[in-house]
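Please open the model in your viewer with the ligand displayed, and keep the sequence panel at hand. The tour goes from the whole chain to the ligand and then to one helix.

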Amino acid sequence: MKVLVIGCGGVASVAIHKCCQASKVFTELCIASRTKENCDRLAASLAPKTATRLTTAQVDANDVGQLTALLRAYGPDLVMNIALPYQDLAIMEACLACGVDYMDTANYEPEDTDDPQWRAVYERRCREAGFSAYFDYSWQWAYRERFEQAGLTALLGCGFDPGVTQAYCAYAKKHQFDTIDTIDILDCNGGDHGYPFATNFNPEINLREVSAPGSYWEDGRWVEIPPMSVKREYDFDQVGRKDMYLLHHEEIESLAKTIPEARRIRFFMTFGQSYLEHMRCLENVGMLSTSPVEFEGRPIVPIQFLKALLPDPASLGPRTKGKTNIGCIFTGKKDGREKSYYIYNVCDHQECYKEVGSQAVSYTTGVPAMCGALMLLTGKWKKPGVYTVDELDPDPFLEALERYGLPRRESHTPALVE
Ligand code: NDP
C-alpha cells in the first residue's frame, strides 16, 4: 500500500525506518517535508536496505492547496502526519478533499497563539472546561462527522504518550479490571545526553507543553495547578529513583470520556534539576514567549529563536545513554476485589541508536506511529470517524508494538517512593 509521510524530523525518521522493515504492507512510501534535502538524505540511506519503494517531495503542510496537489499526484492510502501539531488541521482538510485516511502523533495547537479567531475559542474553553494548555482535542474532534460521512478514518495522537499509554488503558479496561478508579500515567526518561539543557523532541512544542499550568481530572472536572507544583518520586525498573512533576497532557482529555468511571486521571513526567533551572530562567527573561517581538526592525518569536540555539533533538542520538520507562499505574476492582496494576515499557537509548540512529524518545514515538499505520492499512482499526487510541482494540496494536521493538512489562507493585 502507498503511504505519504509528512515530516522528516527525529520521530518521522524512526517511523520511516520501521515502515521500511514491513515492506509487505508499506510497499510504497513518499517522504515529504518543508526541507526536501532531509527527505532525500533519509531515502538514500534506506533505499539499499528495503524493498519499500521510496520517493520524496517538498511541501509546506500549512498550505492546504499544496497538500491536496501532492495527495492527488501521489495517491496514497494513508497520510502519516509526523510534522508539527500546527499542521494537523490543514492536513486533515487535505485528506478529506482527496479521500485519504489520516493519522498523527500530537493534537492540534496553533502556531500563532495571538490569532484572534483561535484566541476567542481558547478563552471560552479555558472558562468552560477549566484547563489552559494551548493544545486540546476539540479542534480535531470537530472533524468527526466529516470523516464519518466521507467513510475515512482519522487516528489521533498515535505516539507513546499520547498513544501507547491510551492502549495500555484500553488493555487494562478490557483484560484487568471490571472498573478503574485511578490512572497515573508516568513518563520517565532516565537518559543523559550530557548537555546542561536540551529537549528530546521539538523544543518549541516541548517547552510550550512543560511551561503550561499542570492539570488533572478528578471527580468529573479539571483541577488546574501552577506549573511544576506537584512532585512525586518513583523508583523505576531499570532506571532507578526519579523526580516527576504533574503536567497537563492530552490523553487525560480522551480517557475521561472512554473510562468515565475513573475518579482521577493524572500525568507525570521526569525532569532533572538542570532542565528545570534553565527553563525557569528562560521563562523569566521571556524566551519562551510565542508572541513576536521587534528586534532590529524585524519581528522574531522568542521561542523559535531559542529553538535555533538549542541542540537539534535528532543530534542527541549518539550521546544519549540510559533508558526510558513509560507506563500507567491503575487502581480499581476485579471480581469484587480492590486491585492495582502497572503496565510499562523500558527502552534503551543506545540500543535505539544502534538500530535506527535515533534516541529512545524519538524511537518510542516513531514505532507506535508505524504500528498505528499498520493497524489502519491492515483494516484492524479502519472505521469511519475520528478516533483516539483508547477507543480502539488494544490487542493487535500491543502485539505489533511487541514485534517492532516496544514490548510491554506488567507488575502488581507500582513504584511510588513518596
Ligand atoms: P522535529 O522538529 O524533529 O521534526 C518536525 C518535522 O516537521 C521536520 O521535518 C520539519 O521540517 C517538518 N515540518 C515542520 N513544519 C512543516 C511544514 N509547515 N510543512 C512541512 N513540514 C514541516 O519534530 P519531532 O520529530 O521531534 O516531533 C514530530 C511530532 O511528534 C511533533 O508533532 C511532536 O509533538 C510529536 N511527538 C509526539 C510524542 C508522543 O509520544 N505522542 C512524543 C514526541 C513528539 P523542517 O526540517 O523543514 O523544519
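Begin with the cartoon of the whole protein chain, in which 15 helices and 18 strands are assigned; bear in mind throughout that this is a predicted model. Turning the chain along its principal axes, you will find that its C-alpha atoms fill a box of roughly 55 × 55 × 45 Å. The radius of gyration is 20 Å, which agrees with the value near 22 Å that a compact globule of 418 residues would have.

Next, colour the chain by burial, and 57% of its 418 residues will count as buried. If you then switch to a surface representation, the accessible surface comes to about 16800 Å², with 49% of it belonging to carbon and sulfur atoms. Contacts can be drawn as well: among those with a separation of 6 or more, 74% join residues that are 24 or more positions apart.

Now select the ligand and the residues around it. Which residues are the closest to the ligand? They are Cys-8, Arg-34, Thr-35, Ala-61 and Asn-202, within a surrounding set of 28 residues. Coloured by class, this shell shows 13 nonpolar, 12 polar and 3 charged residues.

Zoom in on the oxygen atoms of the ligand, where three polar contacts can be picked out one after another. At Cys-8, a backbone N or O atom lies 2.8 Å from a ligand oxygen. Moving to Ser-33, look at the side chain, which places an N or O atom 3.1 Å from an oxygen atom of the ligand. At Phe-160 the partner is again in the backbone, a polar atom 3.1 Å from a ligand oxygen. With these contacts in view, consider the ligand surface: taken alone the ligand exposes 940 Å², and the protein buries 91% of that.

From the ligand, step to Asn-202, which is one of the closest residues to the ligand and also takes part in the start of helix α9, where a side-chain oxygen of Asn-202 reaches to within 3.1 Å of the backbone nitrogen of Glu-204.

Then select α9 itself, residues 203–210. Is this helix mostly covered or mostly open? Helix α9 is mostly covered, with 8 of its 8 residues buried. The buried set includes charged side chains by name, such as Glu-204, Arg-208 and Glu-209, alongside Ile-205, Leu-207 and Val-210.

To see what lies over the buried residues of α9, finish by displaying β12 (264–270), α11 (273–284) and α12 (302–309), which are among the elements that cover them.

Notes. Residues numbered from 1 in each chain as written. Predicted model: local features only at pLDDT ≥ 70, side-chain atom pairs only at ≥ 80, totals over all residues. Heavy atoms only, no water. Near = heavy atom within 4 Å. Polar contact = N/O pair within 3.5 Å; in protein donor to acceptor, adjacent residues only side chain to side chain. Areas by Shrake-Rupley, 256 points an atom, 1.4 Å probe, with all protein chains shown as cover. Helix = DSSP H or I, 4+ residues; strand = E, 2+ residues; numbered from the N terminus. Rg over C-alpha atoms; globule rule 2.2 N^0.38 Å. Buried < 20%, exposed > 50% of the residue type's maximum accessible area, 1.4 Å probe, protein only. Contact = heavy atoms within 4.5 Å.
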